[in-house]
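User: I'd like to learn how to read a model like this one, feature by feature. Can you walk me through it?

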Amino acid sequence: MFRTVFTIFIVLLCTTAQASNVFFVHTSAETSPGVIESCSIESAARKNPDKDIIVYSNSFRDVDVEILGSNVKVRRFSYRDEFSKASTELSRWFESGKWREGFCLNNLSNSLRLALLSTQGGTYFDMDIIS
């Protein structure tokens, strides 16, 4: 497992430096961003007008997010698809159900961030970071 995580970390370092997007991941059930989340997305959009600001969410309404900047987009995701694009190891881990051990929602969210960084590149921000 350590070897896999280390390999993903190296890939992230290589792809992140060259990428042109900023992204957020929302895995909760809220249908619209709160004040802090909105400020975070809007500040990223204002500070990075030449980059795409992508909010990965299956529950936010597009209109509530895309109003925060002309360069802000919402993308839907499938854990299975994102993990299979990222690595065989992540795909196997997901399919095995090992993500259900311990803090299952945290495990899924953290793994999704790694998968997106490895396949899409870019810069990831938590939803409480102001640029």
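Analyst: Sure, let's start with a pair of facing residues: Phe 24 stands opposite Val 55 in E2. Keep in mind that this is a predicted model.

User: Which way do strands E1 and E2 run, and how many bridges join them?

Analyst: Strand E1, residues 21-26, runs parallel to E2, and six bridges join the two. As a general idea, side chains in a regular strand alternate between the two faces of the sheet. As for cover, E2 spans residues 52-57 and is mostly covered, with five of its six residues buried.

User: How do I place that in the whole chain? What pattern does the chain follow along the sequence?

Analyst: Reading along, you get α-β-α-β-α-β-α-α-α-β, made up of six helices and four strands. For the fold as a whole, look at the contacts with a separation of 6 or more: residues 24 or more positions apart account for 67% of them. Of the 131 residues, 39% are buried. The chain exposes about 7,700 Å², and carbon and sulfur atoms supply 55% of that.

User: On to helix packing. At what angle do the axes of H4 and H5 cross?

Analyst: Roughly 145 degrees, and the axes come within 6 Å. H4 covers residues 79-86 and H5 covers residues 88-96. Next, check who touches whom: on the H4 side you have Tyr 79, Arg 80, Phe 83, Ser 84 and Ala 86, and they meet Leu 90, Ser 91, Trp 93, Phe 94 and Glu 95 in H5. Sorted by class, that contact has six nonpolar, two polar and two charged residues.

User: Which residues of H5 are buried, and why do they line one face of the helix?

Analyst: The buried ones are Leu 90, Trp 93 and Phe 94. Look down the axis of H5: the buried residues fall within an arc of 95 degrees, so they line one face of the helix. Then glance just past the end of H5, where Gly 97 takes a positive phi of about 85 degrees.

User: Last one, a single residue. Is Glu 66 buried or partly exposed?

Analyst: Partly exposed: the relative accessible area of Glu 66 is 31%, and buried would need under 20%. Glu 66 sits in helix H3, residues 62-66.

User: What is Glu 66 in contact with, leaving aside neighbours within four places in sequence?

Analyst: With Val 72, Lys 73 and Val 74. You can also relate Glu 66 to Ile 53: the two are 13 residues apart in sequence, and their C-alpha atoms are 9.5 Å apart in space.

Conventions: Residues numbered from 1 in each chain as written. Predicted model: local features only at pLDDT ≥ 70, side-chain atom pairs only at ≥ 80, totals over all residues. Heavy atoms only, no water. Axes fitted to C-alpha atoms, helices over the stretch in contact; angles between N-to-C directions. Contact = heavy atoms within 4.5 Å. Nonpolar A, V, L, I, M, F, W, Y, C, P; charged D, E, K, R; others polar. Buried < 20%, exposed > 50% of the residue type's maximum accessible area, 1.4 Å probe, protein only. Areas by Shrake-Rupley, 256 points an atom, 1.4 Å probe, with all protein chains shown as cover. Arc of directions from axis to C-beta. Pairing = 2+ DSSP bridges.
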